[in-house]
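Subject: Structure handover

Hello,

Please find the structure below. My notes on it follow.

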Amino acid sequence: MRARYGVPLGIAAAGVAGLAYAAGFEARSFRLRRVSVPILPRGMRDLRVLQVSDIHMVSGQRKKARWLQSLAGLRPDFVVNTGDNLSDPDAVPEVVDALGPLLEFPGVYVFGSNDYYGPKLRNPARYLFEKAQGRHGLNGNAPAVSAVHNPWEPMRDVFDAAGWVGLNNTRGRLKIDGHEIAFTGVDDPHIKRDRYERVAGGPAADADLSIGVVHAPYLRSLDSFTADGYPLILAGHTHGGQLCIPLYGALVTNCDLDTDRVKGLSTHRADGHTAYLHVSAGCGTNRYTPVRFACPPEVTLLTLTARP
C-alpha cells in the first residue's frame with residue numbers, strides 16, 4: 001500500500017509546493033535588470049533608460065504598485081513603456097497611481113493586446129500547441145470573439161497629459177539635455193494592429209539617436225526595424241517564458257521569436273543590418289495564470305553608452 005501510493009503522493013506534493021512557490025513568492029519577487037548598450041555617438045554622455053513592460057495590473061496588487069512607484073528613485077533620463085499595462089478593466093486608476101512618480105520623467109509608450117482587451121481563461125498547454133503549429137495570437141488563429149474591452153483611452157489620456165509620447169504606428173521625439181532622441185513605434189503585432197508601412201523610412205537623419213519600439217517582438221517587426229537601420233529595438237510581451245525550466249530556460253515566447261532571445265539583450269539581423277534587441281520579461285502575469293517559475297518579474301535599466 002505504501003509503495004503503491006507513495007510515489008504519486010510525492011509527485012502531487014511536489015507539484016503543490018512548486019505552484020505555491022511560483023504564485024506566492026516568485027510572481028511577487030520583483031527584480032531590476034541592468035544592461036549596457038553601446039549605441040550612442042562618441043562624445044555623447046550616457047543615457048539611463050527605464051523600460052517597464054507587461055505590468056498586467058489587477059486591482060489590489062499593492063506590492064507591485066509600491067515597487068513600481070519606488071523605481072522613480074533610479075532617476076532615469078527617460079522611460080519606455082512597452083505595453084500590456086492592464087489585466088483588469090477596473091485597474092486603470094491603479095496603473096496610473098503605480099506609474100505616477102515615473103510620469104514625472106520624459107517617456108514614450110506603445111500598447112499591447114491586454115491594454116485593449118481583457119484576458120481569457122485558457123489552458124497553458126495551448127501555448128505549446130500553438131508554438132508547434134506556428135500560430136500565435138491572431139497571427140494564424142481565428143479572430144477573438146466575445147472579448148472584454150478594456151478602458152484604455154483614460155490611461156492613454158493620462159500618459160499624454162504627462163508628456164509621454166504615444167508611438168502606436170507613429171513616430172515621436174524627446175529632447176534630453178539638448179539631444180534629440182527619435183522613436184518609431186508600431187501597435188501590437190500580436191493582434192495584427194501593426195502598420196509598419198506608416199512609419200517606414202529608417203532613423204531620423206537629424207536625430208542623435210533613433211530607437212524602435214514594439215510590444216510583441218514578432219519577426220516581421222524586428223526585420224523591418226533592423227533592415228531600416230535602427231540600432232536598438234525595445235519589446236516586451238514574452239514574460240521571459242513565464243514558466244521556465246531551471247538550467248534549460250523558456251519553452252515558449254508566445255510569438256515567433258526563438259526562445260534563446262525570450263528576454264534580455266541580444267542582436268537581430270536582417271537585410272545586412274544588425275540591431276540590438278532588448279526584450280523585457282515584464283513584471284506581471286495574466287490574471288488567470290498568476291505564476292512565474294525560474295523567471296522572476298522585472299524591469300530593466302538600460303545604460304546607453306558610446307559606440308566603441
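Which residues form a nonpolar patch on the surface? Ile-245, Tyr-248 and Leu-251 do, with about 300 Å² of accessible area together. Patches are made of residues with over 30% relative accessible area and no salt bridge, where like charges are joined within 9 Å and nonpolar side chains (Val, Leu, Ile, Met, Phe, Trp, Tyr) within 5 Å. Accessible areas come from the Shrake-Rupley method with a 1.4 Å probe, and for residues only the protein chains shown count as cover.

Some ground rules. This is a predicted model, in which local features need pLDDT of at least 70 and side-chain atom pairs count only at pLDDT 80 or more, while totals for chains, interfaces and linings use all residues. Residues are numbered from 1 along each chain as its sequence is written, and side-chain values use heavy atoms, with hydrogens and water left out.

Overall picture

The chain has seven helices and 12 strands (DSSP runs numbered from the N terminus: helices are H or I with at least four residues, strands E with at least two). Of its 308 residues, 51% count as buried; buried means under 20% relative accessible area, exposed over 50%, and partly exposed in between (1.4 Å probe, protein chains only). About 13,800 Å² is exposed by the chain, and carbon and sulfur atoms supply 55% of that. Taking contacts (heavy atoms within 4.5 Å) between residues at least 6 apart in sequence, 77% join residues at least 24 apart.

Individual residues

Tyr-248, from the patch above, sits in the loop between strand S9 (232–235) and strand S10 (264–270). Tyr-248 counts as exposed because its relative accessibility is 62%.

Asp-88 is in the loop between strand S3 (78–81) and helix H3 (92–99), and counts as buried at 7% relative accessibility. The side chain of Asp-88 reaches the backbone nitrogen of Asp-90 at 2.9 Å, and one of its polar atoms lies 3.2 Å from the backbone nitrogen of Ser-59.

Thr-300 belongs to strand S12 (residues 298–306) and is buried, at 0% relative accessibility. Residues that Thr-300 touches include Leu-32, Val-49 and His-278. With the side chain of His-278, the Thr-300 side chain makes a polar contact at 3.4 Å (a pair of N or O atoms within 3.5 Å; within protein, one must be able to donate a hydrogen and the other to accept it, and residues adjacent in sequence count only if both atoms are side-chain atoms).

Salt bridges and cysteines

A search of the whole structure finds 11 salt bridges, each a side-chain nitrogen of Lys or Arg within 4 Å of a carboxyl oxygen of Asp or Glu. One of them joins the side chains of Arg-33 and Glu-298 (2.8 Å, N to O). Arg-33 lies in strand S1 (residues 31–40) and Glu-298 in strand S12, so the pair ties together parts that are 265 residues apart in sequence. Arg-33 is partly exposed at 23%, whereas Glu-298 is buried at 5%.

Asp-206 also forms a salt bridge with Arg-173, the closest N and O atoms being 2.4 Å apart. These two, with Lys-175 and Glu-180, are linked in a network of salt bridges.

How many disulfides does the search find? Zero in the whole structure, a disulfide being a pair of cysteine sulfur atoms within 2.5 Å. The sulfur of Cys-295 is 4.3 Å from the closest cysteine sulfur, in Cys-244, which is too far for a bond.

Regards

Methods
Lists of a residue's contacts leave out its neighbours within four places in sequence.
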